[in-house]
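Got your viewer open? Let's take a short walk through this model, one selection at a time.

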Amino acid sequence: MNTLFWILAALAVPAAPSAPGPTAEANVRFTSGHSARMPIEIAGSGLVFVRARVRDVDTWLLVSSASPSMLSSRVAAQASLSGEPGTLASLPIETLHDVTVDLPGVSLTQPVVSSLNLDPMQTSLGHPMGGILGIPFFESFVIILDYDRGQLELRDPKTFATSRTAGTAIPITREAGLPYAHARLKLVDRDRFDGSFLVDSGADNAVILFSPFVSSHRLLDPGAKPQEGEAGTVGAALRAETLDLEHFTLRHPVVNLSRSTRGLTADPAHSGLIGGEVLSRFRVTWDYARDRLILEPNRRYRDPFPYDASGLSLSAQGPDLSTFEVRRVAPGSPAAEAGFASGDVLLAVDGKPVKQITLPGIRKLFQRDGGEYAISILREGQVRKISLKCRRLL
């Protein structure tokens, strides 16, 4: 699992009751009519990126339903945007005003956007990211995300024809702008439970259970060492038996257990989060004006939920994000047994340069149980070859 969500969780709107009120209304201008359609790129486990323009700067923006709207400080500087200095989750930011984002067929002017260093996120993900289309974006449109076709459609909520909408409506409630839905989760050797789950298109996960729920249900050994020490937030991962959303049943989703003591994943008022790995199995219509999501299963609906089978945690470095460095090697994993070490740089997999495979592509390869790969690495200035045989870790 990469660290993208855990960075976003620290920056996201805090959990109730300390969360601020609704965001200020954005200004929308369609080029023609009351809708716009545009291509998207899917990265990681269902994260949605759309190409956009901020002044004269072209960039990729992440579409996230559980984050404030943000702009990379790098993109803000390129677009000659500046604002008032401040902090967010102890990080330095600038508060920008009246930021216009131009998308194909529509422009959106948001009254307030935070500008901060988002480069660690794109390093973790391996996809360029100049900002986040967050809560104000979702409040401004009916948003139709077609993961299967790689397409995003924006509709005017006032003219959206509800009678022609197929699929199953999932009621949502919104707290501090964040969408929550009812779901049922069945863990192995435990009773099925009902809970309120944050629905987050910007989370690179299937399900996360928040730390108060994890603690109250004694799902983790309190003395166990977290899997990733950067934020001390990840306790373990397991597979649930089922996740039910209305009449939809998803089998054996991967569930991450939070150990966070603050931020979104320490929210005591809700059970957890449903992320992009679940949402990407549907055509999803976000209809905030009518307090609902509409889900239509796509061809990935019954696919198994993937999980890393290597034990390698990788990040993308360099200006074009094409240098892939080993951040961590899980003890006892195939990668540890093969002799990988933190700081190793991957050069090629089975003779193919890693730049041609991309970081998401490599992660997908390393999810294959039984997959065997000849990997060239750079370590301390020397090129070495390592044989890796993946095996199921979860």
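Which strand does S313 lie in? Select S313 and you land in strand β23. Bear in mind as you look around that this is a predicted model. With 12% relative accessibility, S313 falls under the 20% cut-off, so it counts as buried. Now show side chains: the one on S313 makes a polar contact with the side chain of R327, at 2.4 Å. Beyond its neighbours within four places in sequence, S313 also touches E325, V326 and R328, along with R327 itself.

Stay with β23 (312–317), since it also gives two or more residues to the lining of the largest pocket, as do β2 (35–43), β19 (254–258) and α9 (359–365). The largest share, 4 residues, comes from α9. The pocket holds about 1400 Å³ of space. To find its centre, select S45, P306, Y307, D308 and Q367, the closest of the 48 lining residues. Colour the lining by class and you get 20 nonpolar, 16 polar and 12 charged residues.

Next stop, the salt bridges: the whole structure has 20 of them. Try D287 with R290, where the closest N and O atoms are 3.0 Å apart. D287 is buried because its relative accessibility is 0%, while R290 is partly exposed at 30%. Elsewhere, shared salt-bridge partners join D146, R149, R283 and E296 into one network. Zoom in on its D146–R149 pair, 3.9 Å from N to O: D146 is buried at 9%, but R149 is exposed at 68%.

Finish at D58 and R53, whose side chains meet in a salt bridge of 2.8 Å, N to O. Here D58 is partly exposed at 45%, and R53 is partly exposed at 33%.

Conventions
Residues numbered from 1 in each chain as written. Predicted model: local features only at pLDDT ≥ 70, side-chain atom pairs only at ≥ 80, totals over all residues. Heavy atoms only, no water. 1 Å grid on protein atoms, 1.4 Å probe; cavity = no way out; pocket = protein on both sides within 12 Å on 5 of 7 lines; lining within 4 Å. Points joined across faces, edges and corners; volume = space filled by probe spheres on them. Nonpolar A, V, L, I, M, F, W, Y, C, P; charged D, E, K, R; others polar. Buried < 20%, exposed > 50% of the residue type's maximum accessible area, 1.4 Å probe, protein only. Polar contact = N/O pair within 3.5 Å; in protein donor to acceptor, adjacent residues only side chain to side chain. Contact = heavy atoms within 4.5 Å. Salt bridge = Lys/Arg side-chain N within 4 Å of Asp/Glu carboxyl O.
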